[in-house]
Amino acid sequence: MKTTRVKAFGTESPEADLKQLNIDRREVTSKDVSIDILFCGVCHSDLHFARNDWGMTQYPVVPGHEIVGRVTNVGAGVSKYKKGDLVAVGCLVDSCKTCENCKADLEQYCPSWVGTYGGYDKHLDTNTHGGYSESIVVDEAFVLRVPENLDPAGIAPVLCAGITTWSPLRYWNVGKESKVAVVGLGGLGHMAIKLAAALGAHVTLFSRSTNKIKDAKELGAHEVIISTEEAQMEKAAGRFDVIIDTVPYVHDLNPYVGTLGTNGTLVVVGYLGPLDPMLVTVPLIMGRKSVAGSLIGGIAETQELLDFCGKHNITSDIELIKIQDINKAYERMLKSDVKYRFVIDMKSLKN
Ligand code: NAP
Ligand code: ZN
């Protein structure tokens, strides 16, 4: 298969900084769209993956799954997009398209889903490479339309941080009567607050950081609870219908379960791995409470979210960076020193 060599940023080992390297993009096949990448958001998952936190990374890795760009070329069989369209690619670039999950618009739960990076690229028999690159070629079924009224840099984080919180908000029927809490004010957390507030819910933030209270309220939270203050946690007992927990590292879920009301659900989207300390089942049983998980969202649901953002004028709060500053950005993200998502201006890779 014919390929084009393009510039990218990635790493060849867990310890090494990200640096410029070259990757190959396939020529468009009949159903493919070729996209010139304008902006790419920086997700905490990019950092986990680059550093092999989940023990599954194959190197080299080129992260990035919050991609916004312009269509430069389309295959002969493409019907949804044309040259010049403003489009986006999120965390998925392929799936089997035939299993029960794919048929139900839940491609993210397809056993053969292909991640935008670190997945298996059947065309080139290599790893897929993500959006820290000049361009990408994607099957039109996994390309999304971006509302032209929104800032293209600000909409990039919607492709992961947005959909990852939107999908559980929708699945657990969050609306005007709902009491929602969000754990952690980072990339996912700030989108969760904006989206839950836009759905009409009463929104509370749990944060370790006292210096985020003002921001959280400006983003749409009605209340902030400092999670390290035991008295504040106890006062919140039995209050929430849905909690979206975005914390990236192992932490005690039990205090949060205590703040769920009867039938309430704590949805873990941040941490991947065994719990420590263990979950105590008594409060679950005594209140028919659930602890659940959720992975990104399907293609139709992501388009629904982009359209919702277009209608309600919602974008992410971002700090625009050059690709050359990505390693510094990772260190700052680890210290929660970003308001509230880094987005890479991909022009910086072209120069
Ligand atoms: P982020 O921007 O770094 O935000 C994480 C927030 O968690 C921080 O701002 C901080 O908020 C809080 N936190 C609590 N304990 C922490 C600790 N020990 N270290 C750092 N932060 C801590 O990360 P993100 O991009 O939102 O991603 C959050 C997690 O979701 C990551 O693990 C990522 O891999 C995962 N993720 C999952 C999915 C999915 O489909 N399930 C999709 C995307 C990302 P406070 O200061 O307010 O406490
Ligand atoms: Zn992500």
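**Cores, an enclosed helix and a ligand shell**

In this predicted model, the largest nonpolar core holds 90 residues, and those of its members that touch the most other members are Val42, Tyr132, Ile193, Leu195, Ile326 and Tyr330. The largest share of this core, six residues, is contributed by helix H5, which spans residues 187-198. In soluble globular proteins, nonpolar side chains tend to be buried together. Ile326 gives an example of how the core is joined: when residues up to four places away in sequence are not counted, Ile326 touches Phe9, Leu18, Val42, Tyr132, Ile321 and Ile344. Apart from this core there is a second, separate one of 15 residues, and Phe240, Ile243, Val257 and Leu260 are among its members.

From the cores we can turn to helix H4, which covers residues 161-171 and is largely enclosed by the rest of the structure, because nine of its eleven residues are buried. These buried residues are Ala161, Gly162, Ile163, Thr164, Thr165, Trp166, Ser167, Pro168 and Leu169. What do the buried residues of H4 pack against? Their partners include two helices, H5 and H10 (299-312), together with the strands E12 (179-183), E15 (240-245), E16 (260-268) and E19 (341-345). After H4 comes Asn173, a residue whose phi is positive, near 55 degrees.

The remaining part of the picture is ligand 1, which has 28 residues around it, and of these His44, Ser207, Ser209, Lys212 and Arg341 come nearest. Several polar atoms of the protein lie beside oxygen atoms of the ligand: a polar side-chain atom of Ser45 is 2.7 Å from one oxygen atom of ligand 1, while an N or O atom in the side chain of Ser336 is 3.4 Å from an oxygen atom of the ligand. The backbone takes part as well, since a polar backbone atom of Gly186 lies 3.5 Å from an oxygen atom of ligand 1. On its own, ligand 1 has 920 Å² of accessible area, and the protein covers 90% of it.

Which elements give two or more residues to the shell around ligand 1? They are helix H1 (44-50) and helix H5 (187-198), and H1 provides the largest share of the shell, three residues. H5 thus appears both in this shell and in the largest nonpolar core, to which it gives six residues. By character, the residues of the shell divide into twelve that are nonpolar, 13 that are polar and three that are charged.

Methods:
Residues are numbered from 1 along each chain as its sequence is written. Chains are lettered from A and ligands numbered from 1 in the order in which they are written. This is a predicted model: local features need pLDDT of at least 70, side-chain atom pairs count only at pLDDT 80 or more; totals for chains, interfaces and linings use all residues. Side-chain values use heavy atoms; hydrogens and water are left out. A residue is near a molecule or strand if one of its heavy atoms lies within 4 Å of it. A polar contact is a pair of N or O atoms within 3.5 Å; within protein, one must be able to donate a hydrogen and the other to accept it, and residues adjacent in sequence count only if both atoms are side-chain atoms. Accessible areas come from the Shrake-Rupley method with a 1.4 Å probe; for residues, only the protein chains shown count as cover. Helices (H or I, at least four residues) and strands (E, at least two) are DSSP runs, numbered from the N terminus. Ala, Val, Leu, Ile, Met, Phe, Trp, Tyr, Cys and Pro count as nonpolar, Asp, Glu, Lys and Arg as charged, and the others, Gly among them, as polar. A nonpolar core is a set of buried Ala, Val, Leu, Ile, Met, Phe, Trp, Tyr and Cys residues joined through side-chain atoms within 4.5 Å. Buried means under 20% relative accessible area, exposed over 50%, partly exposed in between (1.4 Å probe, protein chains only). Contact means heavy atoms within 4.5 Å.
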